Amino acid sequence: MSPSLRIGHGYDIHRVVPGRPLVLGGVRFAADFGLEGHSDADCLTHAICDAFLGAAGLPDIGHFFPNTDPAWKDADSQDLLRRVMDEVAARGFAPVNLDATLIAQKPKIAPQLAAIKAALARATGLGVEAIGVKATTNEGIGDIGRGAAIAAYAVVLLAAR
Ligand code: MG
């Protein structure tokens with residue numbers, strides 16, 4: 001008997017570096033730093049991709065979009081998420097909801113939360129009411145707390161169609 005609901009979890013962290021655009025949840029932030037990575041390094045969207053892939057029993061984001069492949073250099077991670085949703089749909093699953101937490105000492109995320117939700121709604125096909133995104137600092141603790149990295153966690157639910 002195959003269960004009709006599938007939960008998935010994702011985590012990602014990227015190093016903060018100067019001279020790159022900062023993109024989180026598909027939204028460009030005005031900041032004097034960005035995240036290191038092969039793609040646009042959008043750790044929030046990457047965590048969400050991994051959560052959807054995990055829920056569908058598929059390999060992780062690095063399997064589908066390897067950082068050794070020039071095709072994904074500076075890739076828009078919203079495009080990667082759309083491709084992930086296609087993989088999930090091809091296996092007979094539809095998204096039910098997603099919930100994510102972004103951990104960043106700076107910049108302030110709250111003013112952009114609505115824009116992030118709207119971007120994620122466009123990429124996943126979910127309604128904004130089915131998308132949770134929270135942001136927290138790391139209270140100055142550790143590498144994330146001193147602004148050397150930004151991390152994200154995500155959980156999603158899929159339903160068999
Ligand atoms: Mg990543």
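The following exchange between a biologist and a modeller concerns a predicted model.

Biologist: How many disulfides does a search of the whole structure find?
Modeller: A disulfide is a covalent bond between the sulfur atoms of two cysteines. The sulfur of Cys43 has its closest cysteine sulfur in Cys49, 12 Å away, which is too far for a bond. The cut-off for a disulfide is 2.5 Å. The number of disulfides found in the whole structure is 0.

Biologist: Is Cys49 buried or exposed?
Modeller: A residue counts as buried when its relative accessible area is under 20%. The relative accessible area of Cys49 is 0%, so Cys49 is buried.

Biologist: What distance should the 13 residues of helix α1 span?
Modeller: Helix α1 covers residues 43–55, and the estimate takes 1.5 Å a residue. The end C-alpha atoms of α1 are 18 Å apart, which agrees with the expected span of 18 Å.

Biologist: How many of the 13 residues of α1 are buried?
Modeller: The buried residues of α1 include Cys43, Leu44, His46, Cys49, Asp50 and Phe52. Cys43, for one, has 0% relative accessibility and therefore counts as buried. The helix is largely enclosed by the rest of the structure, because the number of its buried residues is 12.

Biologist: Which residue just after α1 takes a positive phi?
Modeller: Most residues other than glycine have a negative phi. The residue that follows α1 has a phi of about 75 degrees, and this residue is Gly57.

Biologist: What is the order of the strands in the open sheet?
Modeller: Strands of a sheet pair through backbone hydrogen bonds, either parallel or antiparallel. The edge strands, each pairing on one side only, are β4 (34–35) and β6 (131–136). Within the sheet, β1 pairs with β4 over 2 bridges and with β7 over 11 bridges. The pairing of the 5 strands is mixed, and their order is β4-β1-β7-β5-β6.

Biologist: Over how many bridges do strand β5 and strand β7 pair?
Modeller: Strand β5 comprises residues 93–103 and strand β7 residues 149–160. Asp99 stands opposite Val155 in β7. The two strands pair in the antiparallel sense, and the number of bridges is 10.

Biologist: Which residue in β7 stands opposite Arg6?
Modeller: The pairing of β1 with β7 is antiparallel. In β7, the residue opposite Arg6 is Leu158.

Biologist: Which residue in β4 does Val17 stand opposite?
Modeller: The pairing of β1 with β4 is also antiparallel, over 2 bridges. Opposite Val17 in β4 stands Gly34.

Biologist: Which elements give two or more residues to the lining of the largest pocket?
Modeller: The largest pocket has a volume of about 250 Å³. Of its 13 lining residues, the closest to the centre are Ser39, His46, Ile61, Phe65 and Asn67. The elements that contribute two or more lining residues are β1 (5–17) and α2 (61–64).

Biologist: How many charged residues are in the lining of the largest pocket?
Modeller: By class, the lining has 5 nonpolar and 7 polar residues. The number of charged residues in this lining is 1.

Biologist: Where does Pro107 lie?
Modeller: Most peptide bonds are trans. The bond from Lys106 to Pro107 is cis, with omega near 0 degrees. The location of Pro107 is the loop between β5 and α4 (113–124).

Biologist: What is the relative accessibility of Asp74?
Modeller: Asp74 has a positive phi of about 55 degrees although it is not a glycine. Its place is in the loop between α2 and α3 (77–90). Asp74 counts as partly exposed because its relative accessibility is 47%.

Biologist: Is Glu139 buried or exposed?
Modeller: Glu139 is not a glycine, yet has a positive phi of about 55 degrees. Glu139 is in the loop between β6 and α5 (142–145). A residue counts as exposed when its relative accessible area is over 50%. The relative accessible area of Glu139 is 66%, so Glu139 is exposed.

Biologist: What distance separates the C-alpha atoms of Asn138 and Ala151?
Modeller: Asn138 lies in the loop between β6 and α5, and counts as partly exposed at 26% relative accessibility. Asn138 and Ala151 are 13 residues apart along the chain, and the separation of their C-alpha atoms is 9.9 Å.

Conventions. Residues numbered from 1 in each chain as written. Predicted model: local features only at pLDDT ≥ 70, side-chain atom pairs only at ≥ 80, totals over all residues. Heavy atoms only, no water. Buried < 20%, exposed > 50% of the residue type's maximum accessible area, 1.4 Å probe, protein only. 1 Å grid on protein atoms, 1.4 Å probe; cavity = no way out; pocket = protein on both sides within 12 Å on 5 of 7 lines; lining within 4 Å. Points joined across faces, edges and corners; volume = space filled by probe spheres on them. Helix = DSSP H or I, 4+ residues; strand = E, 2+ residues; numbered from the N terminus. Nonpolar A, V, L, I, M, F, W, Y, C, P; charged D, E, K, R; others polar. Pairing = 2+ DSSP bridges. Expected span 1.5 Å × (residues − 1).
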